[in-house]
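The following exercises ask the reader to work through a single structure, from individual residues to helix faces and a pocket. Each task is followed by a solution in steps.

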Amino acid sequence: MRLSNLILPDVEAAFRSDPQSVREVFDDLHAEDVADLIEAADDQLAVELLLAMDAERAAEVLACIEEEHQSALVARLGAERAAPIIEEMSSDERADVIGDLEDELAAALLAHMDPDEAADVRTLVAYADDTVGSVMSTE
């Protein structure tokens with residue numbers, strides 16, 4: 001059993017009673033550890049925990065979440081709430097996340113992003129996964 005599964009009930013209880021304290025603890029933890037907790041959480045709690053963080057920290061954590069969980073979490077967030085988080089990611093991370101989404105959600109997310117950021121993502125996702133272009137960054 002993973003540690004995140006053991007402590008998740010305590011994290012949820014603390015979040016429900018004092019969300020600010022959980023945000024502060026999350027700020028002190030490694031992003032990978034917070035990602036493990038979010039992956040272990042149910043759908044609604046995962047969304048709430050991610051949205052409790054500022055966009056920059058949420059982006060750092062989202063980048064550490066396993067690919068299949070990442071896509072599902074972005075879908076649950078929806079384009080409007082996910083866009084500010086995705087925009088905080090590096091361009092190659094943005095392209096990876098958006099490239100894994102259903103076309104309709106990806107298009108909606110790009111529409112909510114800064115036009116220049118969205119153009120960078122479109123450029124990067126155009127490269128096939130097994131090419132050098134697929135791992136480059138526009139920064």
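**Exercise 1. Classify Glu56 by its accessibility and place it in the fold.**

Step 1. Glu56 has a relative accessible area of 57% and is therefore exposed, where exposed means over 50%, buried under 20% and partly exposed in between (1.4 Å probe, protein chains only). Accessible areas come from the Shrake-Rupley method with a 1.4 Å probe, and for residues only the protein chains shown count as cover.

Step 2. Glu56 belongs to helix H5; helices (H or I, at least four residues) and strands (E, at least two) are DSSP runs numbered from the N terminus.

Step 3. Glu56 and Ile86 are 30 residues apart in sequence, and their C-alpha atoms are 8.9 Å apart in space.

Note on the model. This is a predicted model, in which local features need pLDDT of at least 70 and side-chain atom pairs count only at pLDDT 80 or more, while totals for chains, interfaces and linings use all residues. Residues are numbered from 1 along each chain as its sequence is written, and side-chain values use heavy atoms, with hydrogens and water left out.

**Exercise 2. Describe the overall make-up of the protein.**

Step 1. The protein has 10 helices and 0 strands, and along the sequence it follows the pattern α-α-α-α-α-α-α-α-α-α.

Step 2. Of its 139 residues, 39% are buried. The accessible surface comes to about 7,700 Å², and carbon and sulfur atoms hold 48% of this surface.

Step 3. Among contacts (heavy atoms within 4.5 Å) with a separation of 6 or more, 65% are between residues 24 or more positions apart.

**Exercise 3. Compare the settings of Ser71, Glu48 and Asp42. Which accessibility class does each belong to?**

Step 1. Ser71 lies in helix H6 and is buried, with a relative accessible area of 16%. Not counting residues up to four places away in sequence, Ser71 touches Asp100 and Leu101.

Step 2. Glu48 is part of helix H4 and counts as partly exposed, at 22% relative accessibility. With residues up to four places away in sequence not counted, Glu48 touches Phe15 and Arg16. Glu48 and Pro19 are 29 residues apart in sequence, with 9.9 Å between their C-alpha atoms.

Step 3. Asp42 sits in the loop between H3 and H4 and counts as partly exposed, at 44% relative accessibility. Asp42 and Leu8 are 34 residues apart along the chain, and their C-alpha atoms are separated by 10.0 Å.

**Exercise 4. Determine how the buried residues of H9 are arranged around the helix, and what they pack against.**

Step 1. In helix H9 (residues 103-112), Leu105, Ala106, Leu109 and Leu110 are buried.

Step 2. Viewed down the axis of H9, these residues fall within an arc of 135 degrees, so they line one face of the helix. The arc is that of the directions from the helix axis to the C-beta atoms.

Step 3. The face turned away from the buried side of H9 carries the exposed residues Asp103, Glu104 and Ala111.

Step 4. The packing partners of the buried residues of H9 are helix H6 (67-77), helix H7 (79-87), helix H8 (91-99) and helix H10 (115-125).

**Exercise 5. Carry out the analysis for H10, then list the buried residues of H3.**

Step 1. Ala118, Val121 and Leu124 are buried in H10. They cover an arc of only 125 degrees around the axis, which puts them on the same side of H10.

Step 2. Pro115 and Asp116 are exposed on the other side of H10. The buried residues of H10 pack against H8 and H9.

Step 3. In H3, the buried residues are Ala31, Val34, Ala35, Leu37, Ile38 and Glu39. They pack against H1, H2, helix H4 (43-52), helix H5 (55-64) and H6.

**Exercise 6. What lines the second largest pocket?**

Step 1. The second largest pocket has a volume of about 230 Å³. Of its 13 lining residues, Ile7, Val11, Leu29, Asp33 and Leu37 are the closest to the centre.

Step 2. Helix H1 (3-17), helix H2 (19-28) and helix H3 (31-40) each give two or more residues to the lining of this pocket. The largest share, 5 residues, comes from H1.

Step 3. The lining divides into 9 nonpolar, 1 polar and 3 charged residues. Here Ala, Val, Leu, Ile, Met, Phe, Trp, Tyr, Cys and Pro count as nonpolar, Asp, Glu, Lys and Arg as charged, and the others, Gly among them, as polar.

Terms. On a 1 Å grid over the protein atoms alone, a pocket is an open set of points where a 1.4 Å probe fits, with protein on both sides within 12 Å along at least five of seven lines; lining residues have an atom within 4 Å of a point. Grid points are joined across faces, edges and corners, and a volume is the space filled by probe spheres set on the points.
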